[in-house]
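Visitor: I'd like a close look at just one part of this protein, the place where two of its helices pack together. Could you walk me through that spot and how it sits in the rest of the chain?

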Amino acid sequence: MSEQALSNENIEQIRQEFDFFDKDGNGQIDLVEFIELLTVLAPKTKASAVEEAFRDLDENGDGYIDFEEFLVWWQTCWFTF
Ligand SMILES: [Ca+2]
Ligand SMILES: [Ca+2]
């Protein structure tokens with residue numbers, strides 16, 4: 001997807017973050033896991049904003065964030081919170 005913008009090391013690092021927040025290890029971050037993630041990354045984020053961000057992230061609308069969706073978000077959006 002955006003491999004030219006990220007080195008393999010960066011992707012590896014993001015993968016580790018993803019795995020860390022994917023508590024049950026099913027390869028997807030659900031809303032509960034996402035809330036925990038945001039609580040760490042952006043403690044002041046409001047619950048309503050978290051849910052909105054989750055919907056933004058979940059591009060294919062299946063109710064889970066997979067690694068591809070996470071990667072896009074990591075590069076573009078998370079620091080705007
Ligand atoms: Ca999970
Ligand atoms: Ca999804």
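**Where α1 meets α4**

Guide: Sure, let's start with the whole chain and then zoom in. The secondary structure of the protein chain comes to 4 helices and 2 strands. Keep in mind that this is a predicted model. Reading along the sequence, you get the pattern α-β-α-α-β-α. As for annotation, an unreviewed UniProt entry lists "domain: EF-hand" for residues 9-44 and again for 45-80. Take residues 9-44: that span is 67% helix and 6% strand, and its end C-alpha atoms lie 29 Å apart.

Now to your spot. Helix α1 covers residues 8-21 and helix α4 covers residues 67-76. The two pack at an angle of about 115°, with 10 Å between their axes, and the crossing of α1 past α4 is right-handed. Who touches whom? On the α1 side you'll find Ile14, Arg15 and Phe18, and they meet Phe67, Phe70, Leu71 and Trp74 from α4. Sorted by character, the residues of this contact come out as 6 nonpolar, 1 charged and no polar. The charged one is Arg15 in α1, because Arg counts as charged.

Stepping back out, 51% of the contacts in the protein chain between residues at least 6 apart in sequence join residues at least 24 apart. As for burial, 16% of the chain's 81 residues count as buried.

Technical notes:
Residues are numbered from 1 along each chain as its sequence is written. Chains are lettered from A and ligands numbered from 1 in the order in which they are written. This is a predicted model: local features need pLDDT of at least 70, side-chain atom pairs count only at pLDDT 80 or more; totals for chains, interfaces and linings use all residues. UniProt positions are given in the numbering used here, feature names are shortened, and annotations may be inferred rather than shown by experiment. A residue is buried if 20 or more other C-beta atoms lie within 10 Å of its own, exposed if 12 or fewer, and partly exposed in between; C-beta atoms are placed from the backbone. Two residues are in contact if their C-beta atoms, placed from the backbone, lie within 7 Å. Axes are lines fitted to C-alpha atoms, for helices over the stretch in contact, and angles run from 0 to 180 degrees between N-to-C directions. A crossing is left-handed if the near helix is turned anticlockwise from the far one by less than a right angle, and right-handed if clockwise.
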